[in-house]
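Here are some short exercises to work through with the model open beside you. Try each task before you read its solution.

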Amino acid sequence: MPLPPPAASAVSELPEPGQHPPAPSQDLELPGQASLLASEPQTSGESIRQPMEREEQLEETLQYQAQVIWRLEGDKAELKGLIRDLTAQLEDREAELGMAQASLEQQRQEVKELEQQLQQSDTERRVLLDIVHELKVTQEWWGNVRVFCRVHPLLASEQGAQKGMGHLYFPPGDKKTLVFSRPGETYVGHRRKNKDFPFTFDRIFPPSASQEEVFEEVALLVQSALDGNHVCIFAYGQMGSGKTYTMEGPKEVSPDTAGLIPWAVQQVFRASREMEAKGWKHLFHASYLEIYNEALWDLLVPPAERSSNLKIRLVNKVTKKVHVPGLSCVSITSEEEVLELLQTAKAQRATAKMRLNEHSSRSHGIFQLHIEGQKASHELCTSAVLNLVDLAGSERLDKSQPTGEQEKETQAINSSLYNLSRVIMAVSKKGGHVPYSDNKMTYLLQEFLGGSSKTLMLVNISPSEENLAESLRSLRIADLVSVRLARGGGSCLDGGP
């Protein structure tokens, strides 16, 4: 270890060059040197101990880092194994994905082919539906007009006045023929035999027929409206013959007694829901008006809110499309909403107490269900109107004995019914002039009575012997538009069929 430098006083007393050094001084500080020499071993020990401690710390650090490195090497190996597993799984998933994509592409192709087959089947179904409809009309093509006849049961008030219905005969197994028998004229001492009038229509319903049986025969027409064809169904007949019952049902409607309108609405919405699976979507709007004394009134608007009777505007002379400005056309989404509208309209329709009927409809009620269909995947659209018409009853003035305003009502009703029969007869002939403009009802419905539209005239007759003449007249008018007319038959208004 180097010695400490000499004190400053000692340095200052060094001899100059060439001089002899002075003799040692007896006053040197020997105790200070001894102190320095005594502390030297302690300083040397600390200098040795510090590196050793540092070395121990470094060794501990090295051991810790070695352990960390060992653990990291283990984690690394584990991660490499995990990466290998994940890589293998990824390769498997990619292989599965490739297979799934190939399968998906195959399924897409199959779906496309099935959609094409479905579309073709749907088109074929519509064609077959039209063929079935026409075959139900007749085996010979003659048009889109059909005629049904329904005989309602004897009312409680009528059962005491007659025994049975001997003047009406329904041949067993024949659902299209009705024989109407009228008593012969009586002379002194003699009475001629009854005169029989056989009538043949597309379908005849005896008094035992239920509401459901009647609708089953009408269901094809209702489906045709959902497929895009205009449909018009009339309930025709004398006052009190059961027209309103057939179309709407009684006041207190039940599933067994519901009329054609509730049945038709239920079928339309049920079929619409089924067609949703095929990609079809439908929108529905409903209106209900009455024609009273040749004036049009909106039955969905309270009488106090009606400003004036409605007018008919011809929109297109070629298609015979008309429009009624101001007529309510309500958007509906369920059959329940339609039934509520029917109740609203029924409460506001013009009726009167007549001699032949306690609650006689004095107006023609016209319910229209507008149907818009769309199948976006094939760019298909359909548009049609289902018309369900409850006509006012025909009547003989000398029998119903109306007076005053009711006499004018009766005259207007009989005139419009006669004009309607002339229009339907002209349409069934498929050619020549059709007198649509002769009255408000046929002018309003002209778009739905000709062309590809389908028309059903449902004649209702009473089985009461008291109404023999009027029932026979209703049957004769119906016969004018029946299949017999298309085969060359003439008018039977003035003679027997």
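**Exercise 1. Place Asp174 and find what its side chain reaches.**

Step 1: Asp174 sits in the loop between strand E2 (168–169) and strand E3 (177–182). Helices (H or I, at least four residues) and strands (E, at least two) are DSSP runs, numbered from the N terminus.

Before going on, a word on the source: this is a predicted model, where local features need pLDDT of at least 70 and side-chain atom pairs count only at pLDDT 80 or more, while totals for chains, interfaces and linings use all residues. Residues are numbered from 1 along each chain as its sequence is written, and side-chain values use heavy atoms, with hydrogens and water left out.

Step 2: Asp174 has a relative accessible area of 32%, so it is partly exposed. On this scale, buried means under 20% relative accessible area, exposed over 50%, and partly exposed in between (1.4 Å probe, protein chains only).

Step 3: Look at the side chain of Asp174, which reaches the backbone nitrogen of Lys176 at 2.9 Å. That is a polar contact, meaning a pair of N or O atoms within 3.5 Å; within protein, one must be able to donate a hydrogen and the other to accept it, and residues adjacent in sequence count only if both atoms are side-chain atoms.

Step 4: Now jump along the chain to Thr200, 26 residues from Asp174; the two C-alpha atoms are separated by 9.8 Å.

**Exercise 2. Is Ser453 buried or exposed, and which residues is it in contact with?**

Step 1: Find Ser453 in the loop between helix H10 (440–444) and strand E18 (454–461).

Step 2: With a relative accessible area of 4%, Ser453 is buried.

Step 3: A polar atom of the Ser453 side chain lies 3.3 Å from the backbone oxygen of Glu447.

Step 4: Setting aside neighbours within four places in sequence, Ser453 is in contact (heavy atoms within 4.5 Å) with Asn144, His230, Glu447 and Phe448.

**Exercise 3. Do the same for Ser471, this time in a helix.**

Step 1: Ser471 belongs to helix H11 (residues 468–480).

Step 2: Its relative accessibility is 0%, so Ser471 counts as buried.

Step 3: The side chain of Ser471 has a polar atom 3.1 Å from the backbone oxygen of Ser462.

Step 4: Leaving out neighbours within four places in sequence, the contacts of Ser471 are Phe180, Gln238, Ile461 and Ser462.

**Exercise 4. How many of the 17 residues of H6 are buried?**

Step 1: Trace helix H6 (residues 260–276): from its first C-alpha to its last it reaches 24 Å, close to the 24 Å expected at 1.5 Å a residue. The expected span is 1.5 Å times one less than the number of residues.

Step 2: Count the buried residues: twelve of the 17 in H6, so the helix is largely enclosed by the rest of the structure. Among them are Trp263, Phe269 and Met275.

Step 3: For the wider setting, buried residues make up 41% of the 497 residues in the protein.

**Exercise 5. Which residues line the largest cavity?**

Step 1: The structure holds two cavities of 30 Å³ or more, and about 50 Å³ of space lies in the largest cavity.

Step 2: The lining consists of Ile291, Tyr292, Asn293, Glu294, Arg362, Ser363, His364, Glu409, Ala412, Ile413 and Ser416. On a 1 Å grid over the protein atoms alone, a cavity is a set of points where a 1.4 Å probe fits but cannot get out, and lining residues have an atom within 4 Å of a point. Grid points are joined across faces, edges and corners, and a volume is the space filled by probe spheres set on the points.

Step 3: H9 gives the largest share of that lining, four residues.

Step 4: Sort the lining by type and you get four nonpolar, four polar and three charged residues. Here Ala, Val, Leu, Ile, Met, Phe, Trp, Tyr, Cys and Pro count as nonpolar, Asp, Glu, Lys and Arg as charged, and the others, Gly among them, as polar.

Step 5: Pick out Glu294 from the lining. Glu294 lies in the loop between E9 and strand E10 (295–298), and has a positive phi of about 65° although it is not a glycine. Most residues other than glycine have a negative phi.

Conventions:
1 Å grid on protein atoms, 1.4 Å probe; cavity = no way out; pocket = protein on both sides within 12 Å on 5 of 7 lines; lining within 4 Å.
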